[in-house]
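Me: I have a model open and want to read its empty space. Where do I start?

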Amino acid sequence: MDGGVYLKMRLRSRLVLLTFLVAALVVGNGLAAASSTFWGPTGLINVPTADVQPMDSLEIGLHQANRRGAITISYGLLDVLEVGMGIFDDRWDDAEFSGFAKFNLLQETKSAPGVAIGVSALEDTSYFMVASKRLDGVGVRGHIGIGKGNVDGLFAGVSKVLNPVTVSTYQSYWQAPVTTIMGEWDGSALNLGLELAFTPNVKLRLEARAMESLGFSLMFETRL
């Protein structure tokens, strides 16, 4: 493929995604719920949040980004504790394994943020502390924290759930998936995401990483 054509296609795909995200941010409202990040703990794309998996809830995530694939498994061991593992590889022929855990120190309330700490082991140990809070009057939920490793230094993100759109006819109706838009600074890059919840148990997240490469995550959740 000609280099100029390839560059135009990449720029066009980014413009379409950014336009859709901005338009959705203008018309939406709601509170975001977390799914698994690329490296395992619940969160946005790379940035973790103060949420943990509900007790006895199991989520399996399939991720692809920057030619690297991952499978993550997270489980709500307690109301305030999630544990899990991840399998990562560029070509799926020499996999690396990681374990992680996240503990919710404080539950989010109307007046105070939720706070969580977490640790992950992939090559070197990573750790983080994060606070999450719905911002009343703005219609978004904010997340800010500090970490070392998978999220390095100061990181932050915002997420927003859109009101579902229902299209009705005389005999039937169709409801669009519950959609969450998100943006984050993971300590080294700016990432944007669009998550579609087709059911409470099946979610697809489309991602623009570092504003130059596209990725996706597919999550399946069940109760044990």
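Reply: Start with the pockets. The model is predicted. Rolling a probe the size of a water molecule over the atoms shows where empty space is left. Here the largest pocket has a volume of about 500 Å³.

Me: Which residues are the closest to the centre of the largest pocket?

Reply: Phe38, Trp39, Asn46, Arg68 and Asn150 are the closest to its centre. They belong to a lining of 25 residues.

Me: How do the lining residues of the largest pocket divide by class?

Reply: Eight are nonpolar, nine are polar and eight are charged.

Me: Which strand gives the most to that lining?

Reply: Strand β8, residues 124-135, with three residues.

Me: Now a single residue. Is Ser111 buried or exposed?

Reply: Compare its relative accessibility with the cut-off. Exposed means over 50%. Ser111 has 70%, so Ser111 counts as exposed. Ser111 sits in the loop that links β6 (96-106) to β7 (114-122).

Me: What separates the C-alpha atoms of Ser111 and Arg134?

Reply: Take two numbers, one along the chain and one through space. The two residues are 23 residues apart along the chain. Their C-alpha atoms are separated by 9.3 Å.

Me: And the whole chain: how many helices and strands are there?

Reply: The chain has one helix and 16 strands. Of its 224 residues, 43% count as buried.

Me: What share of the contacts with a separation of 6 or more comes from residues 24 or more positions apart?

Reply: Such pairs account for 41% of those contacts.

Me: What about the surface?

Reply: About 11,900 Å² is exposed by the chain, and carbon and sulfur atoms supply 65% of it.

Technical notes. Residues numbered from 1 in each chain as written. Predicted model: local features only at pLDDT ≥ 70, side-chain atom pairs only at ≥ 80, totals over all residues. Heavy atoms only, no water. 1 Å grid on protein atoms, 1.4 Å probe; cavity = no way out; pocket = protein on both sides within 12 Å on 5 of 7 lines; lining within 4 Å. Points joined across faces, edges and corners; volume = space filled by probe spheres on them. Helix = DSSP H or I, 4+ residues; strand = E, 2+ residues; numbered from the N terminus. Nonpolar A, V, L, I, M, F, W, Y, C, P; charged D, E, K, R; others polar. Buried < 20%, exposed > 50% of the residue type's maximum accessible area, 1.4 Å probe, protein only. Contact = heavy atoms within 4.5 Å. Areas by Shrake-Rupley, 256 points an atom, 1.4 Å probe, with all protein chains shown as cover.
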